[in-house]
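This report describes a structural model under short headings. The model itself is shown first.

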Amino acid sequence: MKTATATATATLLSCLVLAGCPTPADDGGDELGETGSATTETGDGDTTDTTGDTTTSDTTGDTTTSDTTGDTTTGDCGPDMPDDIYLLALMTSLGPNTPLQFVLTVDWMFAADCASVATFSFQPLSLDVGSTTTPREFVGDPLVFPDIGFDAMGNFEIDMGVVMVTGIANPITGSDITASLLVSGHVVHVDALCGDITGMLMSPLQYDLAGSTFAAIRLADDGSDPATLPVMFPSDCSQVPPL
């Protein structure tokens, strides 16, 4: 079932995948310059307003002040986009049957040039060793990565650097994890993301993570209730269900 969030995000993702996000056209500045108004001098030295309007011109097309800072609540870039929340499963080549799981929050925003960017927040979920469904409670601090850009096809990359995940969220060995990770992903459709994970596991053992994958599917809530999390979910692009 699609929500208002999915509808809003569909607009942004269609913009990303099909054409990018152009800045809306000014509503009167093409001929008159940045302010949308101009004056001409008459023969007696007086000036007249060629816009036909005695008030100041607003180039945003809104009655509020123009916003050129990239603030997403007002201005040329459009309204703020709602957060998207997903269940993300990270399948390592070390433990392909027991993926790590996170509640992923994607906080959409616009840069100053109206390019689409987002903050990615990965909240680890607790998992018993060998389990994929229990207990899946929030554990530890989220891993947060701001200002992640998207290209016109919806591709993105997150260089996580060296990250640490508590052993309570490690269903493979139950040990604390230290790893360097590079996430290369893309938007499949408005309800799913997926991609590849590369990097090195540093602890509890050294291991090349090449061949690891992830997939994320939209949740209907904030993911904090284990009872509402799906028991079947994809962990690579080939498993993502169609829209």
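In which sense do strand 3 and strand 12 pair, and over how many bridges? Strand 3 and strand 12 pair in the antiparallel sense, over six bridges.

## Basis of the model

The model is predicted: local features need pLDDT of at least 70 and side-chain atom pairs count only at pLDDT 80 or more, whereas totals for chains, interfaces and linings use all residues. Residues are numbered from 1 along each chain as its sequence is written, and side-chain values use heavy atoms, with hydrogens and water left out.

## Strand 12 and its partners

Strands are DSSP runs (E, at least two residues) numbered from the N terminus, and two strands pair if DSSP finds at least two bridges between them. In the pairing of strand 3 with strand 12, Leu 90 stands opposite Phe 214. Strand 10 is also joined to strand 12 by six bridges, in an antiparallel arrangement; here Ala 192 has Ile 217 as its bridge partner.

Seven of the seven residues of strand 12 are buried, where buried means under 20% relative accessible area, exposed over 50% and partly exposed in between (1.4 Å probe, protein chains only). Both faces are covered, with Ser 212, Phe 214, Ala 216 and Arg 218 on one side and Thr 213, Ala 215 and Ile 217 on the other. Leu 243 lies in the segment after strand 12 and counts as exposed, at 62% relative accessibility. The C-alpha atoms of Leu 243 and Asp 191 are separated by 7.1 Å, although the two residues are 52 apart along the chain.

## Strand 5 and its partners

Strand 5 is largely enclosed by the rest of the structure, because 12 of its 12 residues are buried. Its two faces are both covered; one side includes Phe 120 and Phe 122, and the other includes Val 117 and Gln 123.

Strand 4 and strand 5 run antiparallel and are joined by nine bridges, with Val 103 opposite Gln 123. The hairpin of these strands has five residues between them, and Cys 114 takes a positive phi near 70 degrees there. Strand 5 also pairs in the antiparallel sense with strand 7 over five bridges, where Ala 118 is partnered by Ile 148. With strand 6 the antiparallel pairing has two bridges, and Leu 127 has Pro 135 as its bridge partner.

## Aromatic cluster

Seven aromatic pairs are found in the whole structure; rings of Phe, Tyr and Trp (its six-membered ring) pair if their centres lie within 6.5 Å, and planes under 30 degrees apart count as stacked, over 60 as edge-to-face and the rest as tilted. The pair of Phe 150 and Phe 156 is tilted, because the ring centres are 5.4 Å apart and the planes stand at 55 degrees. Both residues are buried. They belong to one aromatic cluster with Phe 102, Trp 108, Phe 120, Phe 122 and Phe 145.

## Internal cavity

The structure holds one cavity of 30 Å³ or more. On a 1 Å grid over the protein atoms alone, a cavity is a set of points where a 1.4 Å probe fits but cannot get out, and lining residues have an atom within 4 Å of a point. Grid points are joined across faces, edges and corners, and a volume is the space filled by probe spheres set on the points.

About 310 Å³ of space lies in the largest cavity. It is lined by 27 residues, of which Leu 90, Thr 92, Leu 100, Ile 177 and Leu 181 are the closest to its centre. Among the elements that give two or more residues to the lining are strand 3, strand 5 and strand 10. The lining divides into 24 nonpolar, three polar and no charged residues, where Ala, Val, Leu, Ile, Met, Phe, Trp, Tyr, Cys and Pro count as nonpolar, Asp, Glu, Lys and Arg as charged, and the others, Gly among them, as polar.

Note on methods
1 Å grid on protein atoms, 1.4 Å probe; cavity = no way out; pocket = protein on both sides within 12 Å on 5 of 7 lines; lining within 4 Å. Helix = DSSP H or I, 4+ residues; strand = E, 2+ residues; numbered from the N terminus.
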